[in-house]
Amino acid sequence: MIVNIQAIMKPWKSLNKVLVFGLAAVCFSSCNEDFPNLLKGYPSDIAADAGKAKVLMIVVDGLRGQAIQDIEPATLKQLHRRSMYTFGGLADTSKIAMTNETGWANLLTGVEPAKHGVKANDLGTANLGAYPTIFGRLKTQNTGLKSVAFTSNADLSTHLTKDADKKQSFAGDDNATLSGALAEIQTGDMDLMMVQFGDVEKAGKTATYESDDPVYSAAVREADVKIGKLVDAVKKRSTYGQENWLVIVTSNKGGKIESSVVDNTVYGDHSRNTYTLFYSPKFAERIIARPNSQQIPFIGNAVRFTYGNPPVNAILDDASKFNFGTDKDFTINLLLKCTNPGGGWNYPIFFAKRVAGFSGNGWNFFGESQNGNTVWGFNSSMGGQVFGKPINDGNWHIITIVVSRSGATDVIKGFTDGKFDMEVTAGSGNADNAAPLAIGKWNGNANESADWSIANVQIYNTAFTNQEVAEHAGITHIDNTHAKYNNLMGYWPGYTDVNTGMLKEKTGRAGDMRLTGPYSWVSFSDVASYLKPPISYAFYRSVPNSIDVPFIIYQWMGVITPKEWALDGKSWTPTFIDIRD
């Protein structure tokens, strides 16, 4: 036997014509042995398009892709030899809390939550009028294709598989679901069959979703046995030789686990980590790995603030802005990098709303030498000083100050890189003054050694909680999708202001800051685990996602997907094999 492996870049709807010499489709083998060459048994004049396209879709709730990679269950390991698959798929790219219901809706509608509307536990919110399920599409398209759905979950059956030509739910009993599905495969005349199991998700909720958790791993292996029985049942169909089956094994969601790896992307949300496999005897093995999401660079330009004579400053000319009086809450967040890293610098002010130095109404951020390093500090007329961590190591650091003076507890809190440093009691001192908001060296200190790049300056009219600081501090680019965007009083990112002489304010609420002195711009491309630079949607689409499953099913079955359907999914091209003597 000669096996030629080649990538065939053709629409999936023509897969029935892939094999050469007018031969019929290759049959499945047992999951525990290689695939036999059964092509010789067919007459030489058999039609080139023999073999009706059919799909078996197996959904295993709560099955993490990484867990499959770790556990290596026997059936799936064998199926990999003739599959395109990924351990790093995503249920979706949204930031909402992941639920079973959202995962099912992603898989069956082919669109993300912003379209299908299932953003929590209620399938009744599904916008099936605009975005029908696979079953609904097949029914309304008058394709003549028959669909069946056997589910363990009754709610899923009621809402999302209601348009299947035949459906049955088994009250949370995976074994009964398997028995019903096996009987249907043996005698039924379906074109699309969905089988859903819930025991892996139950195990994860009862114990953990960790790969080495004995309860969870046992449930994964039991699901693997069920998958093997379903695939074997397909192979044993009396009409199998005239059918062209695609088997899909996937998960609606993953599950949260403990991890020491810092990943601020959606890939780092283990509840969204899915496993997806597309199997056919016509496929060669192709694994699709997720991209490296722990090393996303923070790229841009920033003003270099030097402290010579004259120094570099960015000044907001309207001095009435950002006077916080005696009882206003606010949060200030900025990014700072020591352009010339080294020893300790005493008291260089780098951001201030104060007439001069360390006295009088207002506030200022500054550096202070401690144990040979420069830490950052915050001094104000509102309370005692707050200090953060060292910032003179040549890395970007996130500096956050939170002032709360409108409630029962008045405090000033400091955070470095999103992590809490210290707090002091806030008093009722007046913060108003006639000084402009300014970045860079300021009156009251003669230190000329400091040298910083400063960017992404944000001022909010609310006091962030510790959790909100952790969630939002590292975001490097803010737009109107940011959770606190409406609280922004001023935002000066500075990344795209090269050679303009200004730091442009992006909300329209404060005004641009005028650059003075011998200012220059520094380009950078840096990686830090606590920074959250923007990531393109394409980065998350480099592996099969749940929304791709319906799209691939439509293509396999030859169903046209017009633009009006507004599907979010895309096609994936497997590597095919030709088998001949």
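What is the volume of the largest pocket? It comes to about 1600 Å³. Keep in mind as you look around that this is a predicted model.

## The largest pocket

Let's start with the walls. The lining of the largest pocket is made up of 46 residues. Lys95, Asn264, Thr265, Val266 and Lys532 are the ones nearest the centre, so those are handy names to click on if you want to find the spot.

Sorted by class, the lining has 19 nonpolar, 18 polar and 9 charged residues. Two helices take part with at least two lining residues each: helix 10, which runs over 466-472, and helix 11, covering 537-540.

## The second largest pocket

Next comes the second largest pocket, with about 440 Å³ of space. Here 27 residues do the lining, and Gln66, Tyr267, His270, Asn273 and Arg290 are the closest to the centre. The split by class is 9 nonpolar, 11 polar and 7 charged.

Which element gives the largest share of this lining? That would be strand 3, with 5 residues. Strand 3 spans 83-90, and helix 1 (65-71) also supplies at least two residues to the lining of the second largest pocket.

## Aromatic pairs

There are 31 aromatic pairs in the structure. One of them joins Phe298 and Phe524, with ring centres 4.7 Å apart and an angle of 55° between the planes, which makes the pair tilted. This pair ties together distant parts of the chain: Phe298 belongs to strand 10 (residues 298-306) and Phe524 to strand 25, with the two positions 226 residues apart.

Are these two rings' residues buried or exposed? Phe298 has a relative accessible area of 0%, so it counts as buried. Phe524 is at 7%, which is under the 20% limit, so Phe524 is buried as well.

Phe415 and Phe420 make another pair, this one edge-to-face, because their planes meet at 70°, over the 60 degrees required, with the ring centres 5.6 Å apart. Their surroundings are worth a look too. Phe415 is buried, at 1% relative accessible area, whereas Phe420 is partly exposed because its 38% falls between the 20% and 50% limits.

## A cluster, and charges over rings

For a group of rings, pull up the aromatic cluster formed by Trp345, Phe350, Phe351, Trp363, Phe365, Trp376, Phe378 and Trp452. Tryptophan and phenylalanine are the residue types in that cluster.

Rings also turn up beneath charges. Arg137 places its charged end over the ring of Trp565, at 4.3 Å from the ring centre. Arg509 does likewise with Tyr485, where the distance from the charged end to the ring centre is 5.0 Å.

## A stop at Tyr519

Where does Tyr519 sit? Look in the loop that connects strand 24 (513-516) and strand 25 (520-526). Strand 25 is also home to Phe524, the partner of Phe298.

Tyr519 counts as partly exposed because its relative accessibility is 32%, which lies between 20% and 50%. Leaving aside residues up to four places away in sequence, Tyr519 touches Val303, Val312 and Gly501. To get a feel for the distances involved, try Pro73: Tyr519 and Pro73 are 446 residues apart in sequence, and their C-alpha atoms are 61 Å apart in space.

Conventions:
Residues numbered from 1 in each chain as written. Predicted model: local features only at pLDDT ≥ 70, side-chain atom pairs only at ≥ 80, totals over all residues. Heavy atoms only, no water. Helix = DSSP H or I, 4+ residues; strand = E, 2+ residues; numbered from the N terminus. Buried < 20%, exposed > 50% of the residue type's maximum accessible area, 1.4 Å probe, protein only. Contact = heavy atoms within 4.5 Å. 1 Å grid on protein atoms, 1.4 Å probe; cavity = no way out; pocket = protein on both sides within 12 Å on 5 of 7 lines; lining within 4 Å. Points joined across faces, edges and corners; volume = space filled by probe spheres on them. Nonpolar A, V, L, I, M, F, W, Y, C, P; charged D, E, K, R; others polar. Phe/Tyr/Trp six-rings, centres within 6.5 Å; stacked < 30°, edge-to-face > 60°. Lys NZ or Arg CZ within 6 Å of the ring centre and 35° of its normal.
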